[in-house]
Structure formats: structure tokens, C-alpha cells
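This report covers salt bridges, nonpolar cores and a surface patch.

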Amino acid sequence: MLYRDQNIILGCMRIADKPIEEVKDLIQTALDLGINFFDHANIYGQGKSEEVFAKAIDELGIDRSSIIIQSKCGIDAKTGTYNFSKTHIIEETTKILERLNTDYIDILLLHRPDALMDFREVNEAFHYLFDKGMVKAFGVSNQSSTQMEMMKKYIDFPLRFNQVQFSLMHSHLIDAGIQYNMGTFHSQDFLLEYARTNQIQLQAWSPFFSGFFEDIFIDNPKFPEVNEKLDELALKYDVSKEAISVAWILRHPVNFQVVVGTTRADRLKKIAQAKHIQLSHQDWYDLYKASGKILP
């Protein structure tokens, strides 16, 4: 089960210090909008985000089987390193389940690539977690197609997901294909093509950022051209600029899932408008060019 019917995922990184009533309102709003997929990681709020989420789910009386919970491990916050050892993966996943107050998570992602990973240990950890019923499916985050292909040779479980940073203004995954052989882009990864060929679900995080935790581009005077086009298309489709930005990602045939990390219910409603529109071919390219990209 790839959970591909959900194209918007609510990211829970920032809920750790929010009042429980606000978190409950956010989760209930998500469910009312048809969003039942929630993204976590063991390092979000040093684990507190998962605890707050569990409390909110309990107080709302939500049936565990009606929601999809995804979490990540592999970043060792104590040492400031990546750690894909068997012991670390199993111990951290066990703690994730305890904090979430659940017997299982639907998806476990390995959080960024560990240069020192031992594939046999990862494979053994996955077997343990799957056989115990603790995890149903596995994936990675921020890994290249080559890294995924290498892992596939040694791991018995399919890596069904890859969560990567992607937005209208941070579109290297698309730029790599469009600018191939033009001397302006040097990546040879082509993760989009790899994902489509191998039926890997890509999840886009930071859909409103212009770069790696840099500026949010919506309504930012540093990005006048793209905001002018966003305004135009928001008026055309009668939705918010946030919805147009997400719709631009969803328009790509790789069928992205978009992870949105807002903690505001009203903003989530604006974003969710993207579920009901499809940008035209021309509108998609007009936005791409307005973001500062060129077509060779």
C-alpha cells in the first residue's frame, strides 16, 4: 500500500510547543479537508512533537486505523551525526512508537543518508521492525537515485518513498532534466525519472521555501516576478497563492505528495485548495519561468 491517494501530508515538525487545543484544531481541520496523512521524525521537538500529536489524537477520539502516520530516524541529535546502525534504528523506532502511543507506524523513513551505513544492519533492522509489526513500509529522505539503487541491492524490502526538498523556487530535480547537456546544470542524478521508472513515491518538503531553509517566496518582495504570476493565477483559479504553489508541484506527472508544515488551521484550508485544481500546461511553464528559470 503506497498511500498515493493522499497528495497533501501534514508535517508535524512545529507542533511541539503549541497549545494542545491549537494542535487538536489543526488535526481536525486536516481530517475535515480529507488529509489523514501525518509526517513526523524522532528529532522534531526532540520527540515532543510526537507526544503532543498522540495526546491530540487521543483527546479527539480518532481511530488509529483511519490515519496514516509516518516518522523518521537516523539523525542522532545527541551526537550531531547520522546513524543507520541496526541498534539505533530499532531503538529509535521503539521510542517513536512509545511517544506516539501506537503499536505501529505506517511508514518509516531513514532520515538523510548515513555515509557509514552497513546495508546488512539496515536490512536486519527492517526485518525486525516488519516482523514485529512495528512498521508497515519503508523509505528514505534526501537520497539520490544512485544511493537508493545501491541500497536496493542489499535490502530485502522495497524503498517505497523518498522525501526531498522541492518547490517552485527550489526545483533542481526538474532543472536537471530541462537543462541537461546545456552546461548550466551539472547534476546527473535524475531522481524524477528514477522515481517514475521504479514506482517510488516522492514527497516534497518545504514547498514554500526558495532554498534550504532560506526565504519563503510567497508575498516576499525579493521575488516580484513569481509573486506577480502567483497573483494572476490565484485570481484565475479563485484560490490562494499557497494553493497555486502546491498545485504547481502536484501538476508534475511523478505525482508528488506535498508535506506542508503549517500550524495554522486557516492557512491549511488555503493550501488544501490545491487538491481541487490542475494547472494548465501553459500556466505551469509560465510559473517555472517566472521563478527565474530559463528554457534553453
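E21, K24 and E59 are joined in a network of salt bridges, a salt bridge being a side-chain nitrogen of Lys or Arg within 4 Å of a carboxyl oxygen of Asp or Glu. The model is predicted: local features need pLDDT of at least 70, side-chain atom pairs count only at pLDDT 80 or more, and totals for chains, interfaces and linings use all residues. Residues are numbered from 1 along each chain as its sequence is written, and side-chain values use heavy atoms, with hydrogens and water left out.

The whole structure holds 17 salt bridges, including the three tabulated here.

| Salt bridge | N to O distance |
|---|---|
| E59 and K24 | 3.1 Å |
| E50 and R99 | 2.7 Å |
| K86 and E124 | 3.6 Å |

E50 in helix α2 and R99 in helix α3 (residues 86-100) are 49 residues apart in sequence, so their salt bridge ties together separate parts of the chain; helices are DSSP runs of H or I, at least four residues, numbered from the N terminus. Both E50 and R99 are buried, where buried means under 20% relative accessible area, exposed over 50%, and partly exposed in between (1.4 Å probe, protein chains only). K24 is also buried, at 14% relative accessibility, whereas E59 is partly exposed at 39%.

The largest nonpolar core has 84 residues; such a core is a set of buried Ala, Val, Leu, Ile, Met, Phe, Trp, Tyr and Cys residues joined through side-chain atoms within 4.5 Å. Helix α9 (residues 241-250) gives the most to this core, with 7 residues. A second, separate core of 9 residues includes I9, A137, W205 and V259.

Key. Helices (H or I, at least four residues) and strands (E, at least two) are DSSP runs, numbered from the N terminus.
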